[in-house]
Amino acid sequence: MLGAVLLGFLFSLFLVFAGSYFRGKLAVLSSLVPLSLFIYFLTFLPEIADGKVIYENYEWIPSFGVNLSFTLDGLALLFALMITGVGSLVFLYTSAYLKDHKYLDRFYGYLSMFMAAMLGLVLSDNIMSLFIFWELTSISSFYLIGFNNDKADSRKSALTALGITGIGGLLLLGGAVLLGEVAGTYRISEMVMMRDVITDSSHYLLILLLIFGAAFTKSAQFPFHFWLPGAMKAPTPVSTYLHSATMVKAGVYLLFRMTPILNGDEIWHTILIVVGAVTMVYSAIHIIFRTDLKGILAYSTISALGILVFLIGIGTQAALVAAAVFIVVHALYKASLFLITGIIDHETGTRDVTQLSGLRKVLLPVAIAGFIAALISGGVPPTLGFVGKDLIYEATLHFKDAAIFLTVLAILTKILLFYGGFVAGVKPFMGKLPQKFEKLHLPSPLMWMPPLIMTLAGIVFGIFPGLIETAFAKPIAMTQVIEFEEFHLKLWHGFNSVLGLSAITITLGAILYFTLKPKHNLENAIAKLDKIAPKDLTLKLSEGFAEFSRLWTNFFQTGYLRHYISTIVLFLILLLGYLIFSDFSLSIDYSSLTELTVYEISILLMLLMGVLYTVFTKSRLAAVAALGVVGLSFSLLFLFYSAPDLAMTQFSVDTLTVILFVLVLYKLPKYLKLSDTGVRIKHGVLSISFGILITLLILKVLNEPKNTEISEFYAENAYTLAHGKNIVNVILVDFRGIDTMIEISVLIVAALGVFGLLKLRLKTRDKK
Amino acid sequence: MEIILAIITGVLYASGIYMILRRSMVKLILGIILLGNGVNLLIFLLGRITKGEPPIIDSAKKVLEGVYADPIPQALILTAIVISFGLQAFAIILVKRTYKVLKTDDLDQLNTTDEDS
């Protein structure tokens, strides 16, 4: 299975080098990649149908519990087949849709990378590798959505999608780590056994919210749904692939996977049902106001995702089976409708449903596919859509409380979805053909065969629902539900309440379709409400955040050295001040202090005078001379207090500095009084308080006992080990010899710099 | 003595920072030198000062015994003095060069990379 996951990545890598061959007629060959994977996964069908689960494990970072472990059960197989199956058709379709596009190879590269990431996601048994693949889908979908990168709209949508799903990814990481820590394992199959530990844990609620955040952002649940309609800027094959079968189903997949681990508490059901119900109704109502075919499909996709979340929230066996079947139904009809929309767009150049009509006369096979797709979407017998819809009603009707209310919501959504399906799949082909479309002709079979194949599959599965039952529904139910009950999928259940509800749905949907026509003024009317829509609110939030960051940065990054220094000093003053005064006790042991003689006092007075003169004099020469006095006083001080080496170094260095200063002094600018008195006082206060704090700090430290261990080591070993009697010298040239060598190189670099600056001639600038 | 030296260190710090906060580049360098001296004195002081007992082994002995000044702060300060000399020399020449090219000593006029401003 590792090979199957890697194949897509390898293929996209291969395209980097061999891409130019795949731009032309060979492009269609790239669909062999998903097709071979599809066949490979088909071979597992019999085993999985028997209820087997296949594991594979490759160690990756075992110390962190991150491994590439894969599992293939009913759920994973359903998604794997959907990803590779729809993938094959999309790959085929793209070769005609983007024929002779100059970046076709790049497109295939992104697409196969995305496919591989999706496969990795659904096959991962390790929650960390699941997270990695999850992020990979976000990243590769960013490239796909922004494929037309010369359009500003496209780039913006790609960024929005990446932003929303990226936040979800972070939440998933948080949830995964918590889950792994609580369960003591990062393998999902082992977490199922730890179910009680996890649901009883105090982190349970947090885990739940993190996982929900990840799933809701990825699967475009209210209020994170707005990235999905935006992502419609992508080329149609991308919308088809991402929104019907893969990307947006990843969140649903995650919820499905987590069902046997997390669904212990009431809150799991409540949140999922509420969010799912709000999403499905909210976006189903939005369908009425759309005139762009892709817009209609986008909102019906969100609504379908809402239904799935809602069903997982109900969480009974019937609901989970209904969700599994509905995933297949939705993939089949939504992918077909997207592909059909792509054909219409490709041929007529418009997706505005108010302008399209009568296309059946020129695009007959497409019209057939569209009609069947609408039937599946509307749940009309004998399609699989009918089976799916009945299962949904059955699940809501048998939910313990609020059965009636939930059923009504489901019916309302279903009616609107029926309407959406027919507007997208049937309306463009009915009525009179406008003159401007008369010269259209049927595109390459590569484009109209894929939707036809998928819709026909929808009918075949509808007539023989047993296929779906043995292949997916039962294995999924067996692994996801604790107490498995035998069940059978049927097209015909006999006359019962569910059938009645179905009939009501279809009738009302048909009435809605025939009475309500998509109009632009409806679309404009709802646009006025955009101000309070989550999309605009989020955009405003991000703009506000950017504005805040700008203000914040401008406040601190003024570009004036003194502001930076003042900020640092002020911060240190506050910090040190707090530390010193929060525990203030100053007791000085006068007996331990060194005594004071007249020599020292005179030196210190000299030093003090030198410092003050340096600061306050108005003459540069005087300042430099005073600095020299300071240095020489230091030299004497070192001499008194047993540091002859320091005294010598300080003496020579200080002499050199003063000489250097004086040499270049006449080339230096004159002192100018640049700041006003207020600023001077402010800076004075700042520096004096810092000086006082340093003094207090020293006095405090002097009270602490001193650690002499290292000094004693040097005192004992300076002669025995290094044969030197002056310990300071021994430390510098022997014990820390390499440090000194590096110090010398620093000096060399400084000397080179000085030399360079003196000799450098900037020809153009100097002459200015 | 320690108390007075601690106060002197404070004075050095205060005057160093005050000079660094000026807009004139020459004062900036003077400030850096003063602050450097302050730091050296701080290290020296925290290593405890000892009068007239340099850390040098008597010619007749092999091991340093009795009361002696701590050699480690001295080694540290020696390094610091030498390095700060490198820094000072470079800074002085840099300021000279900057003034020659840009004809200004005001740091406030040097905070942009645009040539024409």
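Student: What makes residues 124-408 of chain A a helical span, and how far apart do the end C-alpha atoms lie?

Tutor: In this predicted model, helix accounts for 76% of residues 124-408 of chain A and strand for 0%. The end C-alpha atoms of the span lie 37 Å apart. An unreviewed UniProt entry lists these residues as "domain: NADH:quinone oxidoreductase/Mrp antiporter transmembrane".

Student: Which domains does the domain assignment give for chain A?

Tutor: The assignment gives domain 1 (275-518), domain 2 (558-587 + 673-706), domain 3 (595-668) and domain 4 (710-768). Between the C-alpha centres of domain 3 and domain 4 of chain A there are 22 Å.

Student: How many residues of chain B are said to be in contact with chain A, and what makes a pair a contact?

Tutor: A pair counts when the C-beta atoms, placed from the backbone, lie within 7 Å. Therefore, by that cut-off of 7 Å, 74 residues of chain B are in contact with 85 residues of chain A. On the chain B side, the elements that give two or more residues are helix 1 (2-20), helix 2 (25-46) and helix 3 (71-102). Helix 3 of chain B gives the most, with 24 residues.

Student: What is the make-up of the side of chain B that touches chain A?

Tutor: That side divides into 49 nonpolar, 12 polar and 13 charged residues.

Student: Which elements make up chain B, and in what order do they run?

Tutor: Chain B has three helices and zero strands, and from the N terminus on the order is α-α-α.

Student: Where does UniProt place the feature "transmembrane region" in chain B, and how much of the span 6-21 is helix?

Tutor: The unreviewed entry places the feature at residues 6-21, 28-49 and 75-95 of chain B. Residues 6-21 of chain B are 94% helix and 0% strand, with end C-alpha atoms 23 Å apart. For residues 28-49 of chain B, helix makes up 86% and strand 0%, and the end C-alpha atoms lie 30 Å apart.

Student: How do you know that chain B departs from a compact globule?

Tutor: A compact globule of 117 residues would have a radius of gyration near 13 Å, whereas chain B has 20 Å. Along its principal axes, the C-alpha trace of chain B spans about 70 × 30 × 15 Å.

Student: What share of chain B is called buried, and why?

Tutor: A residue is called buried because 20 or more other C-beta atoms lie within 10 Å of its own. By that criterion, buried residues make up 51% of the 117 residues in chain B.

Terms used: Residues are numbered from 1 along each chain as its sequence is written. Chains are lettered from A and ligands numbered from 1 in the order in which they are written. This is a predicted model: local features need pLDDT of at least 70, side-chain atom pairs count only at pLDDT 80 or more; totals for chains, interfaces and linings use all residues. UniProt positions are given in the numbering used here, feature names are shortened, and annotations may be inferred rather than shown by experiment. Helices (H or I, at least four residues) and strands (E, at least two) are DSSP runs, numbered from the N terminus. Two residues are in contact if their C-beta atoms, placed from the backbone, lie within 7 Å. Ala, Val, Leu, Ile, Met, Phe, Trp, Tyr, Cys and Pro count as nonpolar, Asp, Glu, Lys and Arg as charged, and the others, Gly among them, as polar. Domain bounds come from an automatic or database domain assignment. The radius of gyration is taken over C-alpha atoms; the globule rule is 2.2 Å times the number of residues to the power 0.38. A residue is buried if 20 or more other C-beta atoms lie within 10 Å of its own, exposed if 12 or fewer, and partly exposed in between; C-beta atoms are placed from the backbone.
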